[in-house]
Amino acid sequence: MHDYHAHSAYSDGEQLHRMLDAAADAGLDGVGFADHCSLTRDPHWREQRARYARTFDLTYERRRTAIEALRADRDIAVHDAVEVDYEPGADDRIGAFLADADFDYAVGSVHYVLGHTVFAFEDFSTPDTPDPDAVVDAYYDAVVSLLEAELFEVAAHLDVIEAHPQLAGRRTKEQVRRVADAAAASRTVPEINAKRLLREDGPDLHPTGALRTALSDRGVSFTVGTDAHGPEAYDGRARELERFCEDAGIDPVAPTDLAA
Ligand SMILES: [Zn+2]
Ligand SMILES: [Zn+2]
């Protein structure tokens with residue numbers, strides 16, 4: 001099995017060689033590094049991009065040199081990918097960057113909406129935060145836009161918002177249906193994301209429950225990603241992910257085969 005979604009020190013993960021050695025020890029045949037990249041023009045997210053090293057558009061050529069060197073002395077396959085922060089309305093800018101950079105494949109993710117991230121450290125109960133239902137609505141709207149944009153080979157963790165304790169369980173059947181229909185119509189393949197596999201602080205795989213069922217019902221294919229940020233993430237996660245796919249009858253798509 002290949003892991004098509006890992007991070008390195010070119011964003012918020014660890015050194016490429018440490019990640020690769022851990023993945024090889026875990027029995028993986030390949031790793032795709034999809035480092036974080038924000039192309040936002042919003043001043044708030046520009047500041048966040050600098051603060052949290054989402055500046056991969058400035059460093060991807062350096063990482064490419066490193067990957068070429070590592071390919072030469074490792075048996076494990078290494079894929080040169082990117083995880084772009086998707087923002088509705090930024091399609092042209094994202095498309096131009098991806099066409100120019102020419103990665104092996106591109107992963108798109110919605111990480112923030114309405115001025116806030118959808119991760120657990122955001123508190124949506126304070127007066128200056130939007131209504132949680134509005135956040136969930138904006139989030140799934142953005143996911144549909146991502147799928148309709150056809151910019152990416154992979155859509156990461158389609159319902160990562162379900163790991164947020166204040167936002168989980170609020171989605172409607174209509175939102176699930178819209179996302180599943182958009183995925184069925186798109187060339188962009190959703191991933192089975194194992195970010196929270198073997199942890200107790202959220203759902204163990206994305207997409208969760210009804211959304212995963214709705215995608216499967218429509219015959220949508222999946223790829224796989226551990227979303228590993230450190231080598232320890234491979235300890236058990238790769239094996240569990242492989243077992244899950246076998247049990248669920250999922251034959252993961254290789255996004256390297258989808259890239260134009
Ligand atoms: Zn992500
Ligand atoms: Zn990621």
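Here is a short conversation about the two zinc ions in this predicted model.

Trainee: What should I keep in mind about the numbering and the atoms?

Mentor: Residues are numbered from 1 along each chain as its sequence is written, and chains are lettered from A and ligands numbered from 1 in the order in which they are written. Local features need pLDDT of at least 70, side-chain atom pairs count only at pLDDT 80 or more, totals for chains, interfaces and linings use all residues, and side-chain values use heavy atoms, with hydrogens and water left out.

Trainee: Which residues coordinate the zinc ion (ligand 2)?

Mentor: His-5 (NE2), His-7 (NE2), Glu-83 (OE) and Asp-227 (OD) do, at 2.0 to 2.3 Å. Donors are N, O and S atoms within 2.8 Å of the metal (3.2 Å for Na, K and Ca); water is not among the atoms, so sites may look incomplete.

Trainee: Why is the arrangement around the zinc ion (ligand 2) called irregular?

Mentor: Four donors count as tetrahedral if all angles lie between 85 and 135 degrees, and as square planar if opposite donors are over 155 degrees apart and all others between 65 and 115; anything else is irregular. The four donor atoms here subtend angles of 82 to 169°, which makes the arrangement irregular.

Trainee: What makes His-5 count as buried?

Mentor: Buried means under 20% relative accessible area (exposed is over 50%, partly exposed in between; 1.4 Å probe, protein chains only). His-5 has 0% relative accessibility, so His-5 counts as buried, and at 0% His-7 does too.

Trainee: Which residue bridges the two zinc ions?

Mentor: Glu-83 coordinates both, and the ions are 3.5 Å apart. The zinc ion (ligand 1) is also coordinated by His-111 (NE2) and His-157 (NE2).

Note on methods. Tetrahedral: all angles 85-135°; square planar, octahedral: opposite > 155°, others 65-115°.
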